[in-house]
Amino acid sequence: MRRIAELGSFQNVVAGSKATLDLPVDRRYHGLKIGYRNGAGGTAATRAEMASEITLIRLLLDGVVQWELSASQLFAMLDVHGYPVTDGVLPLHFSEPWRRSPQGEDNLAWAVRGEVRTFQVEIEIAAGAVSPSLECFCEFDNIDAPLAPIRKFTRQQVPVAATGLHTLDQIPGIGNLHALHAFEAASGDVKSIRAELEQQIVFEAPRYIADELTKAHGGAPVDGVFSLRFDRTERVSDTLGNQVRLQSGAIARKPVRFLFDMANASPFTLLYEFVGGKN
C-alpha cells in the first residue's frame with residue numbers, strides 16, 4: 001500500500017529567494033505534493049498565482065538536477081496528460097497516474113533507498129509573492145527495488161533569426177526522449193515540427209494534428225505550447241530511442257534532428273521530457 005506523510009520544513013521560504021528541503025532517502029517515492037499558500041490569511045494560492053510566483057522547481061539526486069521547470073510549465077505538462085490542477089498544490093508525479101497499466105504507472109517511481117545519498121527539492125519564489133509558505137507531503141512505499149529509469153525535465157532556449165525552417169540537432173544527452181514542448185513567445189509561432197532519428201522521419205505534423213494526437217489519448221492541448229509526444233499512447237516504453245547502451249556499458253547517442261517551421265522569428269523555450277538514469 002502506498003503511504004502518505006508530511007516531510008520536514010522548507011528552509012528560507014522568502015519572496016525573491018530559493019526555498020530548500022532535504023528529503024529522506026529510505027523509501028520509494030511515487031510523488032510529492034507541495035502545498036503553497038500566500039497572502040496575509042495564508043489561503044491556498046490559485047493556479048494563476050502559483051504560475052506567477054513559483055518561478056522554478058528543481059529536484060536533485062546526489063546534487064545532480066533531475067527536474068528543472070517552472071510551475072506554469074509543470075501545469076502545462078499536467079494539462080497535456082489530462083490531469084487536473086488543484087489550487088494550492090504543486091503535484092510532482094514520479095509514478096504517473098495517467099499511464100495505461102499499474103506496472104507502467106509505477107515504472108518511473110524513484111526508489112532511492114541504497115541508490116542515492118541525498119535528495120533535495122528547491123523552489124524559487126518570485127520577489128512579488130506576499131507571505132509565501134510551503135509544505136511537502138510524499139506518497140511512498142518501502143518496496144526494495146532498483147532505481148529504474150526516471151522522468152527527467154530539462155530546458156533549452158532556442159534562438160530564432162528568421163521565419164521558415166529552423167534546425168536543431170544538439171539536444172541534452174540525459175536519456176531517451178519521451179516528449180518535447182515548445183513554449184512560444186506567442187501562440188502559433190511554431191507551425192509544424194519534423195523529427196528525424198538517424199536521418200529517418202519519426203514525426204512530421206502541423207500543430208492541429210499534434211493537438212489531435214494529444215486529445216486522442218485523454219490530454220488537452222495548451223495554448224502557446226506545441227507538444228511533440230513520442231509517449232502519447234501513455235506507454236512508458238514509447239521513446240524516441242535516441243540512446244543505446246553498448247556492450248562496454250557506455251552510452252552511445254544516435255543522431256537526432258528537429259526542424260521547426262517558424263511563422264514568426266521569435267525565440268522559444270524547449271522543455272524536454274527524458275527517461276534515463278540519475279546521472
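Which residue of strand E8 is the bridge partner of Arg28? In the predicted model examined here, that partner is Ala111. The pairing belongs to strand E3, and the description below proceeds from the overall form of the chain to this strand, and then to individual elements and residues.

The secondary structure of the protein chain consists of four helices and 20 strands. The chain has a radius of gyration of 19 Å, close to the 19 Å given by the globule rule for 279 residues, and is therefore as compact as a globular protein of that length. Along the principal axes, the C-alpha atoms occupy a box of roughly 50 × 50 × 30 Å. Buried residues make up 49% of the 279 residues of the chain. When contacts between residues at least 6 apart in sequence are considered, 77% of them join residues at least 24 apart.

The accessible surface of the protein chain amounts to about 12400 Å², and carbon and sulfur atoms contribute 49% of this area. The chain carries 28 positive and 33 negative charges, and the mean positions of the two sets lie 4 Å apart.

Strand E3 spans residues 28–38, and nine of its 11 residues are buried, so this strand is largely enclosed by the rest of the structure. E3 pairs with several other strands. With strand E10 (residues 133–141), E3 forms nine bridges in the antiparallel sense. Within this pairing, Arg37 of E3 has Ser133 of E10 as its bridge partner. Strand E7 (residues 89–93) is joined to E3 by five bridges, and the two strands run antiparallel; here the bridge partner of Gly31 is His93.

Two further antiparallel pairings involve E3. Strand E8 (residues 110–111) is connected to E3 through two bridges, including the bridge between Arg28 and Ala111. Strand E4 (residues 43–44) likewise pairs with E3 over two bridges, in the antiparallel sense, and Ala44 of E4 stands opposite Arg37. Arg37 thus faces a residue of E4 and also has a bridge partner in E10. E3 and E4 form a hairpin with four residues between the strands, in which Gly39 adopts a positive phi near 80°.

Helix H2, comprising residues 71–80, is mostly covered, with nine of its 10 residues buried. The buried residues of H2 are Ala71, Gln73, Leu74, Phe75, Ala76, Met77, Leu78, Asp79 and Val80. After the helix comes Gly82, which has a positive phi near 75°.

The loop between strand E16 (225–229) and strand E17 (243–245) contains Asp231. With a relative accessibility of 0%, Asp231 counts as buried, since burial is assigned under 20% relative accessible area. Leaving aside residues up to four places away in sequence, Asp231 is in contact with His81, Arg99, Arg151, His178, Ala179 and Asp238. Glu234 is located in the loop between E16 and E17 as well. This residue is also buried, its relative accessible area being 5%. The backbone of Glu234 shows a positive phi of about 65°, although Glu234 is not a glycine.

Most residues other than glycine have a negative phi. Ser131, a residue other than glycine, also has a positive phi, near 45°. Ser131 is situated in the loop between strand E9 (119–125) and E10. The relative accessible area of Ser131 is 43%, and the residue is accordingly partly exposed.

Glu204 lies in strand E15, which covers residues 200–206. In sequence, Glu204 and Ser192 are 12 residues apart, and their C-alpha atoms are separated by 7.4 Å in space. Beyond residues up to four places away in sequence, Glu204 touches Ile193 and Arg194.

Technical notes: Residues are numbered from 1 along each chain as its sequence is written. This is a predicted model: local features need pLDDT of at least 70, side-chain atom pairs count only at pLDDT 80 or more; totals for chains, interfaces and linings use all residues. Side-chain values use heavy atoms; hydrogens and water are left out. The radius of gyration is taken over C-alpha atoms; the globule rule is 2.2 Å times the number of residues to the power 0.38. Buried means under 20% relative accessible area, exposed over 50%, partly exposed in between (1.4 Å probe, protein chains only). Contact means heavy atoms within 4.5 Å. Accessible areas come from the Shrake-Rupley method with a 1.4 Å probe; for residues, only the protein chains shown count as cover. Lys and Arg count as positive and Asp and Glu as negative; His and the chain ends are not counted. The place of a charge is taken as NZ of Lys, CZ of Arg, CG of Asp or CD of Glu. Two strands pair if DSSP finds at least two bridges between them.
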